[in-house]
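Trainee: I would like to take a close look at a single part of this model, the place where a ligand is held. Could you please guide me through the residues there, and then through the helices that carry some of them?

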Amino acid sequence: MEIWKGGVISNQIKEQAESELSGLARVPRLAIIRVGERPDDVSYERGAVKKLQSFGLEVESHVFEEGISDGAFREEFCRINADPQTDGILVLRPLPKQLDEHWVEETIDPRKDVDGISPVNIAKVFSGDRTGFAPCTAEAVLWMLKGNGISLEGKRAVVVGRSMVVGRPLSMLLLHENATVTICHSRTKDLPAVCRGAEILVACVGKARMIGRDYVGEGALVVDVGINVDQEGRLCGDVDFASLEGRAAAATPVPGGVGGVTTAVLALHLIRAARQA
Ligand code: NAP
């Protein structure tokens, strides 16, 4: 079984980013908005800052107290959203309960919405208009496949998970590449059998090592989006990676797979946002 490492694809994205960066009058700047100290958010932010800086980009973190009121948060958000020096905005979510995420989605400037949360960008992803921003993770899966030389045209792709962050936008991106897409979720009947029919299987379920050997057809390409912590406290994906040996043709590991590609796509989106400003 081939192991598809994220680092290889990140380097491909970096090459493209460097060529798109040349000719820009100033260094693009990302504003990361974090409320509170959730370990997931802190760790994602750390990875994103490191990756963006390695691409020669600027990052400014805006950290607010967990208990910030909705009014105060809106004021801060509007200030960042309107700042002409800010090219892209990444809001770490979920936000605490007192804050209105829906308002954030509606308010973020679609041209700065580098992680594709605004209804404008979501509509573009669904309609196949490539001028918008898709959620970085969904696009990272596409990079993982295409960067490894896989043509998607006519392929049977099964996506397990239908969230608006990963499963749904990813399914649309695969569809626009002319794959034949099946979207699965918690009510799907006989999930292992549906998954076994996939030439390309993408797991975005959020359940540690749920997708085992019996979900994978001979020669399938398996992309694992999941980021989970197992009972021993170790980071793992949605796929039981070790069980795929001798069954899948290729699979992505966790850690070391899609996660790092996601932040590379974020960097590419930021450069594009700055070019369009
Ligand atoms: P989510 O919002 O919890 O969605 C999970 C999806 O999986 C839902 O559609 C749910 O179905 C489905 N599901 C749950 N249990 C299932 C089961 N037993 N059988 C079939 N389907 C099942 O999660 P998410 O935000 O999409 O994230 C998914 C995973 O990706 C998580 O591990 C997350 O940490 C990871 N992630 C990774 C990155 C990255 O950069 N690599 C970025 C974002 C997220 P229903 O709709 O029916 O409930």
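Mentor: A residue is counted as near a molecule if one of its heavy atoms lies within 4 Å of it. Please keep in mind that this is a predicted model. By that criterion, 20 residues surround the ligand. The closest of them are Arg-162, Ser-163, Ser-186, Lys-207 and Thr-262.

Let us begin with the polar atoms. Arg-162 places a polar side-chain atom 2.7 Å from an oxygen atom of the ligand. Thr-137 also has an N or O atom in its side chain 3.4 Å from an oxygen atom of the ligand. His-185 takes part through its backbone, where an N or O atom lies 3.4 Å from a nitrogen atom of the ligand.

Thr-262, one of the closest residues to the ligand, also belongs to a contact between two helices: in helix 9, Thr-262 is among the residues that meet helix 2. Helix 2 (residues 39-54) and helix 9 (residues 258-276) pack with their axes 9 Å apart, at an angle of about 55 degrees. The two helices are therefore oblique to each other, and their crossing is right-handed. On the side of helix 2, the contact is formed by Tyr-44, Gly-47, Ala-48, Lys-51 and Leu-52. Helix 9 contributes Gly-260, Thr-262, Thr-263, Ala-264, Leu-266, Ala-267 and Leu-270. The residues of this contact comprise seven nonpolar, four polar and one charged.

Conventions: Residues are numbered from 1 along each chain as its sequence is written. This is a predicted model: local features need pLDDT of at least 70, side-chain atom pairs count only at pLDDT 80 or more; totals for chains, interfaces and linings use all residues. Side-chain values use heavy atoms; hydrogens and water are left out. Axes are lines fitted to C-alpha atoms, for helices over the stretch in contact, and angles run from 0 to 180 degrees between N-to-C directions. Helices (H or I, at least four residues) and strands (E, at least two) are DSSP runs, numbered from the N terminus. Angles under 35 degrees count as roughly parallel, over 145 as roughly antiparallel, 65 to 115 as roughly perpendicular and the rest as oblique. A crossing is left-handed if the near helix is turned anticlockwise from the far one by less than a right angle, and right-handed if clockwise. Contact means heavy atoms within 4.5 Å. Ala, Val, Leu, Ile, Met, Phe, Trp, Tyr, Cys and Pro count as nonpolar, Asp, Glu, Lys and Arg as charged, and the others, Gly among them, as polar. A polar contact is a pair of N or O atoms within 3.5 Å; within protein, one must be able to donate a hydrogen and the other to accept it, and residues adjacent in sequence count only if both atoms are side-chain atoms.
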